[in-house]
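Trainee: I would like to go through this model with you, beginning with its aromatic side chains and then turning to the place where the chains meet.

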Amino acid sequence: MLGKGIVLGLAETARNFFGSFFYRARLTTVQFPEERLPQIEAARNFPFLVFDGADWQQGMRCVACQICEKECPPKCILIEKSKDKKPDATGKPQFYPAVFNIDVSVCMSCQICVEVCPFDAIKMDVDFELSTYDRFGGLLWDKQRLSKSNEHYHQIHPTEAAAVDAALAAEREKLAAKARAANAPPANAAPSTSAPATAEGQA
Amino acid sequence: MSIFMLHLHAWIHALASSALGHALWMVVPVLVVFPALFAVTTLLERKGLGRIQNRYGPNRAGPWGLLQPMADAIKALTKEDVVPEAADRLVHFCAPVLMVLSAFLVYAVVPVSRTWVVAPLRAGVLFFFAAGSLMEIAVFMAGWSSRSQYSLLGAMRALAQMISYEIPLVLSAMVAVMAAGSLSMVEIVRRQAGYSGIWPHWFVLTPWGLAGFVLFLIAATAESNRSPFDLPEGESEIIAGYYIEYSGFKFALFFLAEYLGMFAISALGITLFLGGWSAPFAFLTWIPSWIWFFAKLLALIAGFIWIRGTLPRLRMDQLMRFAWEFLLPLTLCHLFVAGVWKFFPTGAARWLGCAGVLLAVYWLLGRRLEQSGGLARRTYHFAE
């Protein structure tokens with residue numbers, strides 16, 4: 001009979017209406033600013049510069065190679081290479097970015113800068129509340145504002161950060177082994193020839 | 001000082017008995033109460049629709065979102081008023097004004113309480129429909145003057161729909177006029193304000209009255225362009241229909257007029273079938289009559305919101321078929337049943353007989369509508 005579907009539909013919406021007052025489970029809305037869902041580990045929004053240790057200037061991993069600047073599709077990164085060299089976190093003298101700016105309003109969160117960085121110096125942050133009243137200065141982040149500690153990286157992306165740390169440690173170990181081999185006395189010729197072979201085998 | 005007070009007193013007396021006093025006393029409340037009701041309704045509607053969809057609805061502006069209408073008003077008033085370059089500026093400006101004007105005009109004949117009716121015209125129902133159809137002109141003015149395809153399509157849809165549904169609307173309203181023997185809305189309410197025992201003499205409590213009320217509500221929904229008959233402003237098809245080229249305050253005026261139209265047509269339904277301001281039981285007559293009127297009005301508004309939250313929009317051909325192949329024959333039969341009602345002796349047999357005839361006609365017409373493919377999926381010969 002005509003109208004049966006309408007009556008059934010009205011019953012359904014009435015059930016929804018009254019049910020929403022009695023069953024909390026029906027209202028799935030998360031009241032955002034007050035309530036928040038836990039962040040997903042793979043979330044990403046805007047890049048930051050990782051530094052090791054306590055001092056952001058001293059521990060900055062970035063060596064101003066400018067690959068990310070070249071690769072950035074919307075060209076939101078601006079890097080000026082330093083003239084001098086400074087010891088990095090491992091004590092090795094390196095160039096460092098005299099200027100490192102990223103424009104929040106231009107960045108499209110593509111993560112390509114992270115993919116191309118050979119030094120694991122730039123990573124994606126999860127903070128997404130970047131709105132500001134100052135649309136010029138407030139949206140152009142300099143290197144101090146971009147710098148965040150490795151601990152912060154561990155906090156937001158634990159799995160990824162652990163893998164990066166392991167890879168970096170392995171690389172440092174490899175370099176140290178090479179250095180040891182180079183510094184070793186020439187009398188131990190036989191073991192020194194086998195050492196690079198094993199190192200290559202491991203790599 | 002006392003002389004001044006005396007003068008003031010006399011002046012107030014003179015004012016109250018003058019035409020201006022009458023206007024102030026009767027008209028100003030209409031101009032205040034119904035727009036206020038509009039503000040409340042927008043909030044209630046959004047809240048109710050939210051709950052129907054298992055959401056909270058607006059709850060940010062003020063406690064429980066109570067200041068939301070205020071925020072909406074500020075937003076509408078501070079928005080830029082954009083008029084298309086190719087538009088007919090005068091008509092474009094007049095359309096929302098005429099729309100609000102016609103929406104307010106019809107309240108003149110609505111008896112809100114025992115004593116509160118602005119103009120107790122003897123042909124009140126006629127005036128209501130005549131003034132109400134000004135709205136159709138306003139809609140077409142808006143659609144035509146904007147010089148936009150979407151507006152024009154929306155306006156043409158609106159005109160086709162409003163004219164088609166005006167016929168069942170008027171025919172279903174006629175039964176109440178026939179039963180009361182008067183076109184005066186005050187008289188129609190007075191005829192329903194009596195009681196048998198505790199039960200009122202509302203027309204809705206008779207089979208033809210109930211059927212008339214339902215038919216009236218369906219036609220009223222279409223007439224006030226509300227879901228599921230909101231084709232003139234179908235967002236998914238023609239964006240906003242005839243008021244697509246309006247922004248800011250003019251858009252707010254359209255919005256206001258639409259809701260005022262809905263209240264007015266609900267008020268007409270209440271007057272014709274639900275006993276206007278009269279109490280539902282004889283022992284409740286001590287409650288002021290205007291409270292009953294507004295209680296019934298709010299109940300009908302809740303019904304409109306409920307229906308909006310339930311039914312999807314009709315297709316244009318379904319809409320037309322429903323009006324001409326279903327509603328019109330049904331209202332004609334219904335008019336006949338209501339006419340012969342008087343000539344049968346009072347009793348259960350008359351009640352059941354009338355209800356049976358109406359149900360049989362409803363069933364037959366409904367079956368025909370379903371079988372003729374009027375509500376079925378449409379096959380397109382060229383578009384697919």
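**Rings and the interface**

Mentor: In this predicted model, ring pairs join B:F38, B:Y242, B:Y243, B:Y246, B:F251, B:F254, B:F255, B:Y259 and B:F263 into a cluster.

Trainee: How many aromatic pairs does the structure hold over all chains?

Mentor: The cluster just named is built from ring pairs in chain B, whereas the count you ask for runs over all chains. Taken over all chains, the number of aromatic pairs is 30.

Trainee: Is the pair of B:Y243 and B:F254 stacked, tilted or edge-to-face?

Mentor: The ring centres of B:Y243 and B:F254 are 5.6 Å apart, with 35° between the planes. Stacked rings need planes under 30 degrees apart and edge-to-face rings over 60, so an angle of 35° makes this pair tilted.

Trainee: How many residues apart in sequence are the parts that this pair ties together?

Mentor: B:Y243 lies in the loop between helix 10 (235-238) and helix 11 (248-273) of chain B, while B:F254 belongs to helix 11 itself. Both residues are buried. Because one ring is in the loop and the other in the helix, the pair ties together parts whose separation in sequence is 11 residues.

Trainee: What is the relative accessible area of B:F294, which pairs edge-to-face with B:F293?

Mentor: The rings of B:F293 and B:F294 lie 5.4 Å centre to centre, with 90° between the planes. B:F293 is buried, with a relative accessible area of 0%. B:F294 also counts as buried, because the limit is under 20% and its relative accessible area is 14%.

Trainee: Over which ring of chain A does the charged end of B:R51 sit?

Mentor: B:R51 is one of three residues, with B:N54 and B:Y56, that lose the most area to chain A, together 37% of what the side of chain B buries. The charged end of B:R51 is 4.2 Å from the centre of the ring it sits over, which is that of A:F21.

Trainee: Which residue of chain A forms a salt bridge with B:R60?

Mentor: Chain B and chain A bury about 1800 Å² between them, 61% of it on carbon and sulfur atoms, and the count of salt bridges between these chains is one. The closest N and O atoms of that bridge are 3.1 Å apart, and the partner of B:R60 is A:E34.

Trainee: Which helix supplies the largest share of the side of chain B that touches chain A?

Mentor: Helix 2 (19-52), helix 12 (289-310) and helix 14 (348-371) of chain B each supply at least two residues of that side. The largest share, five residues, comes from helix 14.

Technical notes. Residues numbered from 1 in each chain as written. Chains lettered and ligands numbered in written order. Predicted model: local features only at pLDDT ≥ 70, side-chain atom pairs only at ≥ 80, totals over all residues. Heavy atoms only, no water. Phe/Tyr/Trp six-rings, centres within 6.5 Å; stacked < 30°, edge-to-face > 60°. Helix = DSSP H or I, 4+ residues; strand = E, 2+ residues; numbered from the N terminus. Buried < 20%, exposed > 50% of the residue type's maximum accessible area, 1.4 Å probe, protein only. Lys NZ or Arg CZ within 6 Å of the ring centre and 35° of its normal. Buried area = accessible area lost by both parts, 1.4 Å probe. Salt bridge = Lys/Arg side-chain N within 4 Å of Asp/Glu carboxyl O.
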